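Q: Here is a predicted model I'd like to understand better. Please pick one spot, look at it closely, and then work outwards until the rest of the chain makes sense around it.

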Amino acid sequence: MFRMTQSPKFWATVRSEVQAENGSRQTVMFDMEFKRLSQSELRSFADRTAADVSASTDVVETAVERIMEVATNWRNVTDAESGEVTFSREAVHQAVNEFGLGPAILAAFYESMPKAKAKN
């Protein structure tokens, strides 16, 4: 059976490595909620992202803009005292700027979206 309905949002796991205080590499994982895009919306988003990356001098702000366009929430993101960090533009900016998580967040989004079949 194929049901022609989908939720407007979905969760995906973000995985990345960050530099720990002791100098070692630490794998981090958290979940991000994204808006579900149609294939045409996804293509437009990917085209805008590629154009912005090649034209931008502020890669952090460019990544934050694109993430905020498709992300709506996150879970399992905590502060130093293990308190939940509320999803916000400022928190996403910190994650991208201080921890370099922009590429990992966008990769989780792209990898979770259905792929159109390649033409021969």
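A: Let's start at Val59, which sits in helix α2. That helix covers residues 59–70. Val59 is nonpolar by class, yet it counts as exposed, because its relative accessibility is 56% and the bar for exposed is over 50%. Keep in mind that all of this comes from a predicted model. What lies across from Val59 in space, despite a gap of 43 residues in sequence? The partner is Gly102, with 9.2 Å between the two C-alpha atoms. Helix α4 runs over 102–112, so by the numbering Gly102 falls within that stretch.

Staying with α2 for a moment, this helix is one of the elements that supply at least two residues of the largest nonpolar core. The others in that group are β1, β2, α1 (39–55), β3 (71–75), α3 and α4. The core holds 30 residues. Phe30, Met32, Phe34, Ile67, Trp74, Ile105 and Phe109 have the most contacts inside it. As a bit of background, nonpolar side chains tend to be buried together in soluble globular proteins.

Ile105 is a handy one to click on. Beyond its neighbours within four places in sequence, Ile105 is in contact with Val14, Phe30, Met32, Phe34 and Ile67. Four names there, namely Phe30, Met32, Phe34 and Ile67, also turn up among the core residues with the most contacts.

Now step back to the layout. The chain has four helices and three strands, and from the N terminus they run β-β-α-α-β-α-α. Contacts between residues at least 6 apart in sequence are in good part long-distance ones: 62% of them join residues at least 24 apart. Of the 120 residues, 32% count as buried. The C-alpha atoms fill a box of roughly 50 × 40 × 25 Å along the principal axes. As for the outside, the accessible surface comes to about 8200 Å², and carbon and sulfur atoms account for 51% of that.

Next, the loop between β3 and α3, where a few residues are worth a look. Asn76 belongs to this loop and has a positive phi near 70 degrees, though it is not a glycine. It is partly exposed, because its relative accessible area is 49% and exposed would need over 50%. Ser82 is in the loop between β3 and α3 too, and its phi is also positive, at about 65 degrees, in a residue that is not a glycine. At 57% relative accessibility, Ser82 counts as exposed. Ser88 is another residue of the loop between β3 and α3, and a relative accessible area of 21% makes it partly exposed. Ser88 also points us back to where we began: Val64 is 24 residues away in sequence and 10 Å away in space, C-alpha to C-alpha, and the number 64 falls inside the 59–70 span of α2.

One more loop, the one between α3 and α4, holds Gly100. With 42% relative accessibility, Gly100 counts as partly exposed. Between Gly100 and Ala80 there are 18 Å in space, C-alpha to C-alpha, and 20 residues in sequence.

Last stop, the largest pocket, with about 630 Å³ of space. Its lining is made of 20 residues, and the closest to its centre are Val28, Val77, Thr78, Phe99 and Leu101. At least two lining residues each come from β1 (9–19), β2 (25–35) and α3 (89–99). By class, the lining has 13 nonpolar, five polar and two charged residues. β1, β2 and α3 also each supply at least two residues of the largest nonpolar core, so you can follow them from pocket to core on the model.

Methods: Residues numbered from 1 in each chain as written. Predicted model: local features only at pLDDT ≥ 70, side-chain atom pairs only at ≥ 80, totals over all residues. Heavy atoms only, no water. 1 Å grid on protein atoms, 1.4 Å probe; cavity = no way out; pocket = protein on both sides within 12 Å on 5 of 7 lines; lining within 4 Å. Points joined across faces, edges and corners; volume = space filled by probe spheres on them. Core = buried A, V, L, I, M, F, W, Y, C linked by side-chain atoms within 4.5 Å. Buried < 20%, exposed > 50% of the residue type's maximum accessible area, 1.4 Å probe, protein only. Contact = heavy atoms within 4.5 Å. Areas by Shrake-Rupley, 256 points an atom, 1.4 Å probe, with all protein chains shown as cover.
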